[in-house]
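Reader: I should like to learn how the contacts of a modelled complex are read. Please take the features one at a time.

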Amino acid sequence: MEQLAGWGNFPVTEANLVRPERLRDLVPVGDSVIARGLGRSYGDAALNSSGTTVLTTKLDRFVEFDATTGLVRAEAGLSLGALLKAMVPRGWFVPVTPGTQNCTLGGCLAADVHGKNHHRDGTFSRHVTKATLVLASGETRVLNQSDPLFWATAGGMGLTGIIREVELQLIPVETAYMQVKHVKSPDLDTTIELLTDPAHDAQYTVAWIDCLASGASLGRGVFMAGDHAPKSAVPLNREDPLRLKMKNTKPFPIDLPGFALNPFTIKLFNAAYNSFQGRRGEFLSPYPSFFYPLDGIDQWNRMYGKRGFVQYQFVLPAATAQIAMREVLRRFSEARRASFLAVLKRFGAQGPGLLSFPTEGLTLSLDIPMSSGILEFLDGMDAFVRNHGGRIYLAKDSRMGPEMLRAGYPRLDEFCEVRRLVDPAGRFSSDLSRRLKLCP
Amino acid sequence: MQWAEAGYPIYLLGRDTDELQRISTDLELRCGVKVWHKQFDSNEHTGHAALVREIADQAGAIEGFLIALGYMGDQSTSETDVAECEKVLGTNFVDVAVLCHACASHLESLETGWIAVLSSVAGDRGRMSNYVYGSAKGGLSVFLQGLRSRLQKSGVHVLTVKPGPVDTSMTFGMSKLPLLCPPEKVASDIVRAVAKRKDVLYTPGPWRLIMFILRSVPERLFKKTSL
Ligand SMILES: Cc1cc2nc3c(=O)[nH]c(=O)nc-3n(C[C@H](O)[C@H](O)[C@H](O)COP(=O)(O)OP(=O)(O)OC[C@H]3O[C@@H](n4cnc5c(N)ncnc54)[C@H](O)[C@@H]3O)c2cc1C
Ligand SMILES: NC(=O)c1ccc[n+]([C@@H]2O[C@H](COP(=O)([O-])OP(=O)(O)OC[C@H]3O[C@@H](n4cnc5c(N)ncnc54)[C@H](OP(=O)(O)O)[C@@H]3O)[C@@H](O)[C@H]2O)c1
């Protein structure tokens, strides 16, 4: 038995872990089992206090790669970081990436992750051509996009089975660099306009928001846009534009005590981040600094101390987003609850994943340190989000209730129907699925 | 893997051919080097010399051998079960020693190359909780001292690797091991030690001091510890 938590260090539970080393041993064990990759989901999605948690991280091998088409097949425990390390020098990049490369292919498919290019390229699953799934019966099935089980597995948070292999279509790149543009925005309307105006569009767009700003500067921040840099944009003196010198990450030393996180220190941090990230104009950036600024500090989550934090991420439909987002930000700013990171992003059209999070509109995510009263505060926020047609991201969630899930995910019944066919006894289950009474 | 990344072709031996196949494919795709593999059980003591020749015929001149096989078994089972005790002693000591000799004769005739062998800090002092495995590793370390001395005339280098607890399947699930180290760290230390022709590598480094202290405790006191 070991203590285990998600990236938010909340909640913490006892875990019975197994870590198979051979592919044939990646199978369900016991009556209740859930797969776990690199544990970068924030809440209880990869926790199973009433059964077994199967770590996939040792099953991380490349299986097939076609250098002419960029189609790659690998075991589900392979991290995006390792994939990029091998593939970028050959001119290929992952089609969709979350804000960390320390996550596995299995975790990316199970959460159907999105990146800064969602408005153009959709979620991760769109680019997955095949996935091998180990079912509750122990039987293995190869799924493609015409299979309903594929769309229950994409975004299904490990509750349909254990993903063993993923076949992914990579995208070609000419260099390992990004052409980046930062624009400072004085207020929310400008920030949203920057995210939606075609004149500012790029393959990757996102805005960072200072969520402590209030009044006229509510929603101020930095809009960041990027495209993969073509060869012509990279100075000739860089030897091979597809190769970067890898920097080591610095571990975050210790859990900081809770008092280090009062609104004042947060404000300082925000200001520092602002001047560091808020470089003006256009510049060239190595891909890790553009996509994974936080990965440079190993275990940065520990700066929130032992009590941990919640990452609150929701999406609001385009129709209500602008007005409702203002109200949400106002509440957070007023309550001084949120911290360092508030990220605003525009989503494109919804994909076919039955429980996939992204729907067309605007999504905001904020880190919220645990403190007394915080859960009640967020319940109030849930009610607001629900009333405005929004939903919460399961990969980030650790606290919402079953009603909020039901209201936000109208295709839940379809998901449960597909799941019932392959796992009638609910063998695949997690602390998240029990908290949300997912398929009763 | 770090050798493959540096561009060296690799020849893998092990019992599980499915896994050897997967590891080979992975290394080839990741690192763009040629990787061969063949089924091998160290309990089978005949045919090592022929196997080494076969490897050299297939893969070309062999630069070095890494021997990383071992079996920890269970101390309390070994105390009562003769077969288990023989398996632990046999795999960690006899099997490895015999294999080392086959590698040694091959390199000796070439007058170049290296042999790196995984021993353990457990072999530096007998402890009640792990002395069967520990004694096999201790025997192995002594064997390697002698072999090193024998081979140094012919320019062949022998590295004894003594890791502390490493986060592998051997230790997974054991509660609260001190200073559990990622295998990648052990790997990079080995690569560096081979390049520098070190004799004995403690990895991670602090184990050199820890074992020095543990070895210095008089037996009269040490026997009363429950380590
Ligand atoms: C700094 C940071 C930035 C992030 N940015 C984004 C972002 O921009 N967009 C986004 O979408 N997400 C983002 N995330 C969330 C993260 O991408 C997802 O939580 C992802 O699932 C993590 O992958 P993992 O391997 O760590 O999975 P885990 O956290 O270990 O597991 C996540 C879920 O996947 C399931 N799972 C894992 N492996 C398998 C498998 N082999 N078979 C079946 N089920 C499996 C688990 O059961 C669990 O339900 C971010 C997280 C961090 C820490
Ligand atoms: N983990 C630690 O804390 C630690 C500490 C100090 C030293 N070491 C030593 O480091 C080495 C590697 O161990 P590990 O931690 O990687 O342990 P492991 O995961 O248990 O690996 C043991 C390896 O030995 C091989 N092996 C066992 N018996 C064999 C046999 N009869 N024939 C052929 N191969 C055999 C296994 O190969 P198959 O694929 O064929 O099973 C496996 O690859 C061992 O010598 C171990 O004693 C480990």
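Author: Let us begin with ligand 2: one of its oxygen atoms is 2.7 Å from an N or O atom in the side chain of B:Arg15. A polar contact is a pair of N or O atoms within 3.5 Å; within protein, one must be able to donate a hydrogen and the other to accept it, and residues adjacent in sequence count only if both atoms are side-chain atoms. The side chain of B:Ser169 has an N or O atom 2.6 Å from an oxygen atom of ligand 2, and a backbone N or O atom of B:Gly70 lies 3.2 Å from an oxygen atom of this ligand. The protein covers 81% of the 880 Å² of accessible area that ligand 2 has on its own, where accessible areas come from the Shrake-Rupley method with a 1.4 Å probe and, for residues, only the protein chains shown count as cover.

Reader: On what conventions do such statements rest?

Author: This is a predicted model, in which local features need pLDDT of at least 70 and side-chain atom pairs count only at pLDDT 80 or more, whereas totals for chains, interfaces and linings use all residues. Residues are numbered from 1 along each chain as its sequence is written, chains are lettered from A and ligands numbered from 1 in the order in which they are written, and side-chain values use heavy atoms, with hydrogens and water left out.

Reader: Where does ligand 2 lie, and how many residues surround it?

Author: A residue is near a molecule or strand if one of its heavy atoms lies within 4 Å of it. Ligand 2 lies between chains A and B, and 24 residues surround it, with B:Arg15, B:Tyr133, B:Val166, B:Thr168 and B:Ser169 the closest.

Reader: Which residues come nearest to ligand 1?

Author: Of the 34 residues around ligand 1, the nearest are A:Ala35, A:Arg40, A:Ser41, A:Thr104 and A:Tyr393. Backbone atoms also take part: a nitrogen atom of ligand 1 is 2.8 Å from a polar backbone atom of A:Ile163, and an oxygen atom of ligand 1 is 2.9 Å from a backbone N or O atom of A:Gly107. Of the 970 Å² of accessible area that ligand 1 has on its own, the protein covers 96%.

Reader: How is the size of an interface expressed?

Author: It is often given as the accessible area lost when the parts come together. Buried area is the accessible area (1.4 Å probe) that two parts lose on being put together, summed over both. Between chain A and chain B about 1600 Å² is buried, and carbon and sulfur atoms give 43% of it. On the side of chain A, A:Arg19, A:Arg61 and A:Phe62 lose the most area to chain B, together 35% of what that side buries. With contact meaning heavy atoms within 4.5 Å, 22 residues of chain A are in contact with 16 residues of chain B.

Reader: How many salt bridges cross the interface of chain A and chain B?

Author: A salt bridge is a side-chain nitrogen of Lys or Arg within 4 Å of a carboxyl oxygen of Asp or Glu. The rule finds eight across this interface, and the structure holds 38 over all chains. A:Arg24 meets B:Asp16 in one of these bridges at 2.8 Å, N to O, and A:Arg24 meets B:Asp18 at 3.4 Å, N to O. B:Asp18 lies in helix α2 (residues 17–31) of chain B and A:Arg24 in the loop between β2 and β3 of chain A, so the pair joins two chains. Helices (H or I, at least four residues) and strands (E, at least two) are DSSP runs, numbered from the N terminus.
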